[in-house]
Amino acid sequence: MSESERLFQRALQVAPGGVHSPVRAFRSVGGTPVFMTGGAGARLQDVDGRSYLDFCMAFGPLILGHAHAGVHAAVSAALARGWSLGTAEPYSLELAEFVIARVPWVQNLRFVNSGTEAVMSAQRVARAATGRSKILKFEGCYHGHADAMLLRAGSGLADAPLPDSAGLGALAASETVIAPLDDEAALAAVFERHGAQLACAIIEPLPANYGLLPQRDEFLRALAQHCQRHGALLLFDEVISGFRVGMQGYAAVAGITPDLVTYGKIIGGGFPVGAYGGRRELMQLVAPAGPVYQAGTLSANPVAMCAGLATLRALEEQGVHARLEQLGARLEQRLATIPNLLLQRVGSIFWACLTARGAAPAAGPVRSPARFPAGCAQRYAAIYHPLLARGIYLAPSAFEVGFISAAHTSADIDALADALTGLCATLES
Ligand code: PMP
């Protein structure tokens, strides 16, 4: 028995499924989760003394790699000053100013502790600002685990049968309106029916929780126009795409200005941070400036704020996005000729979708879950443990995306490409 197996048996006694977030339990790929002791650069180290090239990168926050020296120094200095103050302090001020100076549609922002909280709070602002209660979300987009967002949500729920969760209040479902991605006609029909009651439409402008499903700019523009016409706010959830596809997130890539935006992951440099922001008059609705209550004991934790600021500064000063694009392009080029693998990629986010051998190649990118090739999850599970055996760690679910970090080298990309090429050839159907 390996040390990971021994630890998992103990973990099963103390935590539901042995884990503290469902995908970590390896249910989608089978077998025992690998227990990691730590990470450095592009590599993870497990409790059995094995090392892995990591392309999961803690599900996105670690854009600079594990234990980055600059972030480490900032965190160490913050620790030495005391790690929780519960007061006004200069660290969140610096991080907020840094973001606001770069993202014109974020004029005010509030830090919270997770992406889930950021989304819940931004929606509260939207409801207060509009006096309406319904929220439009898109099938396959994940926005954290608040009741109203656990409908057709992707991420750890991607292969769960409907409904997405037990224990949701009836109100949650009745207040959430669902529309499919990539379908302007359906979108128009939804706004026709519900537009006047919508407080906001929330979307991952680059959906990355049910595979990577890049949307056409025209679709996102249509959404923005419907919102404007019907007096609903547009909320971009950039928890994954924020600071990942560029300093201004996917909103800048698509050329669309949202009313509200949510961040998480990279903004905390790997520490628990979320944030929501938007136009000043909307954000001034939040307490104590306005009537929308939202608070947090550990909000704007100084260690987390310093980790986030060090991360964002390094991204900009070291030209990280350009280098990540090169690495991503290399991966795409290396995998382009594999007949049963469709690689969808935007910058340093990638999704390897395994198609049937001999099937006609998908015409253009897959943009909605309705177009997933049958059997892609089973094929992913079939190659997952062989990948681990070759020292490659990908997210343990076919529908989670992969992340390249600034710590990865061209040789690391080639190692992933070689492993995938070899293993795709072994798939029988
Ligand atoms: N929104 C998006 C787009 C996400 O990807 C996630 C998490 N993967 C969340 C919200 C929720 O963030 P958290 O897990 O920090 O609560």
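**Exercises on a predicted model: helix crossings and a ligand shell**

**Exercise 1.** Determine the handedness with which α2 passes α10, and then the relative direction of the two helices.

*Solution.* In this predicted model, the crossing of α2 over α10 is right-handed. Next, take the axes of helix α2 (residues 69–81) and helix α10 (residues 302–317), which come within 8 Å and cross at roughly 155°. Angles over 145 degrees count as roughly antiparallel, and α2 and α10 are therefore roughly antiparallel to each other.

**Exercise 2.** Carry out the analysis for α11 and α13, giving their relative direction and the handedness of their crossing.

*Solution.* Begin with the geometry: the axes of helix α11 (residues 320–335) and helix α13 (residues 410–426) come within 9 Å, with a crossing angle of roughly 25°. Since angles under 35 degrees count as roughly parallel, α11 and α13 are roughly parallel to each other. Finally, α11 passes α13 in a right-handed crossing.

**Exercise 3.** Describe the residues around the ligand, the polar contacts of the ligand with G115, T116 and K265, and the share of the ligand that the protein buries.

*Solution.* The shell around the ligand includes S114, G115, T116, Y142, H143 and K265, and its residues divide into three nonpolar, six polar and three charged. Turning to the contacts, a polar backbone atom of G115 is 2.9 Å from an oxygen atom of the ligand, while a polar side-chain atom of T116 lies 2.6 Å from an oxygen atom of the ligand. For K265, an N or O atom in the side chain is 3.0 Å from a nitrogen atom of the ligand. As a last step, consider the area: the ligand taken alone exposes 390 Å², of which the protein buries 82%.

Methods: Residues are numbered from 1 along each chain as its sequence is written. This is a predicted model: local features need pLDDT of at least 70, side-chain atom pairs count only at pLDDT 80 or more; totals for chains, interfaces and linings use all residues. Side-chain values use heavy atoms; hydrogens and water are left out. A residue is near a molecule or strand if one of its heavy atoms lies within 4 Å of it. A polar contact is a pair of N or O atoms within 3.5 Å; within protein, one must be able to donate a hydrogen and the other to accept it, and residues adjacent in sequence count only if both atoms are side-chain atoms. Accessible areas come from the Shrake-Rupley method with a 1.4 Å probe; for residues, only the protein chains shown count as cover. Ala, Val, Leu, Ile, Met, Phe, Trp, Tyr, Cys and Pro count as nonpolar, Asp, Glu, Lys and Arg as charged, and the others, Gly among them, as polar. Axes are lines fitted to C-alpha atoms, for helices over the stretch in contact, and angles run from 0 to 180 degrees between N-to-C directions. Helices (H or I, at least four residues) and strands (E, at least two) are DSSP runs, numbered from the N terminus. Angles under 35 degrees count as roughly parallel, over 145 as roughly antiparallel, 65 to 115 as roughly perpendicular and the rest as oblique. A crossing is left-handed if the near helix is turned anticlockwise from the far one by less than a right angle, and right-handed if clockwise.
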